There are 2 protein chains.
Amino acid sequence: MAAKAPLDADTILAATEDTLRRHGPAKATVVDVARALGVSHTAVYKHFPSKTALREAVTRRWLSRGRDTLAAIAGDTELSPPRRLRAWLTAVLAAKKAKVRDDPELYAAYGMLAAEHSSVAADHVADLLDQLRGILADGIAGGAFQAGDPAEAARAVFDATFRFHHPAHAAEWQAPGIEAELDAVCTLLLHGLQTRPTTPDLRHDHP
Amino acid sequence: MAAKAPLDADTILAATEDTLRRHGPAKATVVDVARALGVSHTAVYKHFPSKTALREAVTRRWLSRGRDTLAAIAGDTELSPPRRLRAWLTAVLAAKKAKVRDDPELYAAYGMLAAEHSSVAADHVADLLDQLRGILADGIAGGAFQAGDPAEAARAVFDATFRFHHPAHAAEWQAPGIEAELDAVCTLLLHGLQTRPTTPDLRHDHP
DNA sequence: TAGGTGACAGATTTCAAGTTCTGAAACCTG
DNA sequence: CAGGTTTCAGAACTTGAAATCTGTCACCTA
C-alpha cells in the first residue's frame, strides 16, 4: 500500500492553489482543500491558523514566482538606468498580463486581498517600489536622472503607472493598445526624470 | 387645491436624483421615483425609454454641474500652460474628491456606469481629454511644451494620472497625502513635457 | 508531543418560495 | 394626441429555513 502522507505546509499550499484554481476564490472552502488531501478539515488548521492565513500564504507563494525575472531586470547594470526603467515597467505589465490570462482565479484572489488591504498586497507593492527605487538610485548616482529622493521618485513613477499595474485595471490589460500607451507614459516619465537645468515655470509656487 | 403637476423630464430627473441619493444606486427603483412624484411608474416611461436611460440622464446632469469650473481653468490664458496644467489636474482631483464626499450615492451610480462602459463615462472622459488637449496644444504652440500630437500627449498625461481621477481609486482620495502625491506626479510630467534637446538614451529602440 | 480525529456552536451560504420590479400593452381623458 | 392610467408577463430581487462552512475543543495515537 501507499506510504502515509506526511502532510506538510507545502502539500497543503499546493492543494489549496489547485482548489482555488478549480473553484475560484469566492467558492473555494477549506473543506474542499481537506477533501482533496483526503484528511479532515481540522488537519489543515494544525498548519494554518485561519482560512485567511492560508489564502495569503498561497497568494504570496504565487506572487513570488516570477519575481526573479523582474529583479534581474532591475539589477541588470549592463542596461543604462533609463533603458532599464523602461524595460522593467514593460516587464511588470507583461508579467501581470500573463498572470491574469493564465491564472484568472488566483489573480482574483490577489485582487481581493489587495482590496481588503492585506499585508500580502502591501508587501508586494513594497517589493516593486524597492526595485524601482534601485533603478532610480542608480540613475541618480550615474547622473542620468535628476531627482531628490530616489524613494520619492519611485513613488511618483509607481503612481504614474497605476493604470498598468493596479489590479483594478486588470481587465483593460488585454486591450490591444495597452503596450503603446505604457510606452507613451514611459517616454514622458523618462523625459521628466532626465537631467537638465530647471525652468522657473515648472515650480509649484503660484504667482 | 394645488395645480396639477405637468411632470416634465426635469421634474423626473430631480426626483430620481433625490431617490438615488436616499436609497443608493443599487436599491433605487423607478417605482420609488414614481411614488415620490405621486404618479404611476409607467408615467415616467413616457419620458424615458428605460431605467438605464433615466440613470444615465441623471448622472450626466450631475457630472455636468461644476464642469464650468474646470473648463474655466483649461481656458484661462492668463496662466502659462504649465501652470494651467498643474492647476487643472489639481482641480480635477479636488472636484472628484468633493463629489465623492458630498454625494457618495451619486458617485457610486457614476462608478457603476463607468464599470459597465456606459457612454456617460466615455463622454465624460472624452470631455476631460479634450480640455487637457487644449492646454497641451496651447503649450506646444507657445513653445513651452514639446510633444508631437497634443491628443496623444493628453492621453499619456491622462493615463499617468489615473490614480487621481479613476473611480476605482475613489476610496484613496480621502487619504491625507494624496495632494502631495499628485503634486509629485505633476512635477514629473511637467518636466517630461518641457521643451529641451533630446538625449539618445531616452528613445525606445533597443541596442 | 506533533499530527491527526469527530462533534459542535455560530456565521455564512444556498435554495425555493413569494414578492417586487421592469417594460409593454391596451386603454382612458382634457 | 400628449400624457396619463390599470393590467400583465417575465426577470430580478427578498426572505427565511436548511445546509454548509469556519474555527474550537476534547480526545486519540505513533
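The following paragraphs describe a predicted model of two protein chains with two DNA strands, passing from the overall form of chain A to the DNA surfaces and then to two buried residues of chain B.

Chain A is built from helices: the chain has 11 of them and 0 strands. Read along the sequence, the order of elements is therefore α-α-α-α-α-α-α-α-α-α-α, and the radius of gyration of chain A is 21 Å, well over the 17 Å that the globule rule gives for 207 residues, so the chain is more spread out than a compact globule. The box filled by the C-alpha atoms, taken along the principal axes, has dimensions of roughly 75 × 30 × 30 Å. Of the 207 residues in chain A, 43% count as buried. Among the contacts of this chain with a separation of 6 or more, 66% are between residues 24 or more positions apart. The exposed area of chain A is about 10000 Å², and carbon and sulfur atoms supply 58% of that area.

The description now turns to DNA strand D. This strand is surrounded by 16 residues, and the closest come from both chains: Thr42(A), Tyr45(A) and Lys51(A) on one side of the list, Leu7(B) and Lys46(B) on the other. Of the strand D atoms within 4 Å of the protein, 49% belong to sugar or phosphate, while the rest belong to bases. Individual polar contacts reach both parts of the strand. At the bases, a polar side-chain atom of His41(A) lies 3.0 Å from a base nitrogen of DNA strand D. At the backbone of the strand, a phosphate oxygen is 2.7 Å from a backbone N or O atom of Lys51(A), and a phosphate oxygen is 3.4 Å from a polar backbone atom of Val31(A). The elements giving two or more residues to this surface are helix H2 (30-37) and helix H3 (41-45) of chain A, together with helix H3 (41-45) of chain B. H3(A) provides the largest share, with 3 residues. Sorted by class, the surface near DNA strand D has 7 nonpolar, 7 polar and 2 charged residues.

DNA strand C is likewise surrounded by 16 residues, of which the closest are Leu7(A), Lys46(A), Thr42(B), Tyr45(B) and Lys51(B). Sugar and phosphate account for 54% of the strand C atoms that come within 4 Å of the protein. Here the polar contacts listed are made by chain B. The side chain of His41(B) places an N or O atom 3.0 Å from a base nitrogen of DNA strand C. The side chain of Tyr45(B) has an N or O atom 3.0 Å from a phosphate oxygen of this strand, and a polar backbone atom of Lys51(B) lies 2.7 Å from a phosphate oxygen. Two or more residues of the surface near DNA strand C come from each of H3 of chain A, helix H2 (30-37) of chain B and H3 of chain B. The largest share, 3 residues, is that of H3(B). This surface divides into 7 nonpolar, 7 polar and 2 charged residues.

Leu7(B), one of the closest residues to DNA strand D, is found in the segment before helix H1 (9-23) of chain B. Is this residue buried or exposed? Leu7(B) counts as buried because its relative accessibility is 13%, and the limit for buried is under 20%. Beyond its neighbours within four places in sequence, Leu7(B) is in contact with Ile12(B), Leu37(B), Val39(B), Ala43(B) and His47(B). The C-alpha atom of Leu7(B) is separated by 12 Å from that of Ala36(B), a residue 29 residues apart from it along the chain.

A second buried position is Arg84(B), which is placed in helix H6 (residues 81-102) of chain B. Arg84(B) is buried because its relative accessible area is 3%. Which groups does the side chain of Arg84(B) meet through polar contacts? One polar atom of this side chain lies 3.1 Å from the backbone oxygen of Ala74(B), and the side chain also makes a polar contact of 2.9 Å with the side chain of Asp138(B). Not counting residues up to four places away in sequence, Arg84(B) touches Ile73(B), Ala74(B), Asp76(B), Thr77(B), Leu79(B), Ile135(B) and Asp138(B).

Terms used. Residues are numbered from 1 along each chain as its sequence is written. Chains are lettered from A and ligands numbered from 1 in the order in which they are written. This is a predicted model: local features need pLDDT of at least 70, side-chain atom pairs count only at pLDDT 80 or more; totals for chains, interfaces and linings use all residues. Side-chain values use heavy atoms; hydrogens and water are left out. A residue is near a molecule or strand if one of its heavy atoms lies within 4 Å of it. A polar contact is a pair of N or O atoms within 3.5 Å; within protein, one must be able to donate a hydrogen and the other to accept it, and residues adjacent in sequence count only if both atoms are side-chain atoms. Helices (H or I, at least four residues) and strands (E, at least two) are DSSP runs, numbered from the N terminus. Ala, Val, Leu, Ile, Met, Phe, Trp, Tyr, Cys and Pro count as nonpolar, Asp, Glu, Lys and Arg as charged, and the others, Gly among them, as polar. Buried means under 20% relative accessible area, exposed over 50%, partly exposed in between (1.4 Å probe, protein chains only). Contact means heavy atoms within 4.5 Å. The radius of gyration is taken over C-alpha atoms; the globule rule is 2.2 Å times the number of residues to the power 0.38. Accessible areas come from the Shrake-Rupley method with a 1.4 Å probe; for residues, only the protein chains shown count as cover.
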